Amino acid sequence: MKTKIKEMRKEKKITQQDLADALEVTRQTIISLENGKYNASLVLAYKIARYFERNIEDIFIFDEEDDLS
Amino acid sequence: MTEEMTIDEFKQAMKRKEIFYVIGFVLGLATCILFSTAYANNQMHLTELIKGFYTGMGGGVAGASLILLIRSRRTMKNETKLKQKKIECLDERNQKIQGKAKELSFQIMFITLYIGVIVAGLFSEVVSMVLSGYIVFFGILNSVLIIIFQRKM
């Protein structure tokens with residue numbers, strides 16, 4: 001699933017480690033989320049949305065083809 | 001450890017895990033000592049291979065348990081390391097990776113056990129029956145756990 005996490009993180013001028021610490025996940029998870037290799041759970045998606053003060057739909061771009069996995 | 005936890009709750013969970021490390025150390029050491037002493041030589045009619053295997057296995061288990069216990073103690077004394085360990089353990093991606101690895105390992109083990117039953121049967125009935133028993137045990141355990149989790153979730 002594509003996300004806008006990278007763009008939003010750069011807007012805030014924070015590193016992947018800073019974001020990982022804020023969300024209490026590993027930096028590898030942030031990297032995988034930004035690359036679209038890993039789909040966050042609902043809880044993590046909500047935490048990310050709350051951190052960036054946006055809606056989940058503004059950050060996570062759901063594609064119908066993602067459902068096939 | 002899959003749910004949200006405070007740092008104190010995580011510390012308690014680590015302390016509970018340490019009990020298993022202590023048990024592992026004691027069992028490993030007992031195995032090592034038992035099978036390397038005169039008792040094993042005189043009272044048990046075991047081959048040198050088995051005695052050596054048990055001694056080595058016991059030593060390995062004791063050593064690994066001791067190392068894990070020491071690392072756990074060190075982590076708990078350092079707040080920064082403890083916080084980092086908590087993040088690593090509770091990270092959902094890490095948990096998903098471990099879950100997928102365990103699932104695939106189980107499937108591969110099942111297949112290799114089955115092949116083992118067939119091949120072992122050509123040389124030893126006892127080994128073949130023991131391996132068959134393991135397959136049945138894991139199959140029943142898997143079914144029971146599915147039922148339990150279906151009711152829980």
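Let me start with a term we'll need: a salt bridge is a side-chain nitrogen of Lys or Arg within 4 Å of a carboxyl oxygen of Asp or Glu. Keep that in mind, and hello, everyone! What you see above is a predicted model, and I'd like to walk you through the place where chain B meets chain A.

Here is a pair that fits the definition. B:Lys86 forms a salt bridge with A:Glu24, and their closest N and O atoms are 3.8 Å apart. How many salt bridges does the rule find across the interface of chain B and chain A? Just one. Polar contacts add to the picture: five residue pairs make them across this interface, with both residues at pLDDT 80 or more.

Which elements of chain B give two or more residues to the side that touches chain A? They are helix H4, residues 79–90, and helix H5, residues 92–121. The largest share, four residues, comes from H5(B). If you sort the residues on this side of chain B by character, you get one nonpolar, one polar and seven charged.

Now for the extent of the meeting. Chain A brings 13 residues to the contact, and chain B brings nine. Between them the two chains bury about 960 Å², with 46% of that on carbon and sulfur atoms. On the chain B side, the residues that lose the most area are B:Ile87, B:Glu92 and B:Arg93, together 56% of what that side buries.

Let's step back from the interface. Over all chains, the structure holds six salt bridges. One of them joins A:Glu11 and A:Arg54, at 3.5 Å between the closest N and O atoms. This pair links distant parts of the chain, 43 residues apart: A:Glu11 sits in helix H1 of chain A, while A:Arg54 is in the loop between helices H4 and H5 of chain A. A:Glu11 is exposed, at 58% relative accessible area, and A:Arg54 is partly exposed, at 38%.

In chain B, B:Lys11 and B:Glu79 meet in a salt bridge at 3.8 Å, N to O. B:Lys11 lies in helix H1 of chain B and B:Glu79 in helix H4 of chain B, so this pair ties together parts that are 68 residues apart in sequence.

My last pair is B:Glu48 and B:Lys51, whose side chains form a salt bridge at 3.1 Å, N to O. Both lie in helix H3 of chain B, three residues apart, about one turn of the helix. Are they buried or exposed? B:Glu48 is exposed, at 59% relative accessibility, whereas B:Lys51 is buried, at 7%.

Thanks for listening!

How values were computed:
Residues are numbered from 1 along each chain as its sequence is written. Chains are lettered from A and ligands numbered from 1 in the order in which they are written. This is a predicted model: local features need pLDDT of at least 70, side-chain atom pairs count only at pLDDT 80 or more; totals for chains, interfaces and linings use all residues. Side-chain values use heavy atoms; hydrogens and water are left out. Contact means heavy atoms within 4.5 Å. Buried area is the accessible area (1.4 Å probe) that two parts lose on being put together, summed over both. A polar contact is a pair of N or O atoms within 3.5 Å; within protein, one must be able to donate a hydrogen and the other to accept it, and residues adjacent in sequence count only if both atoms are side-chain atoms. Ala, Val, Leu, Ile, Met, Phe, Trp, Tyr, Cys and Pro count as nonpolar, Asp, Glu, Lys and Arg as charged, and the others, Gly among them, as polar. Buried means under 20% relative accessible area, exposed over 50%, partly exposed in between (1.4 Å probe, protein chains only).
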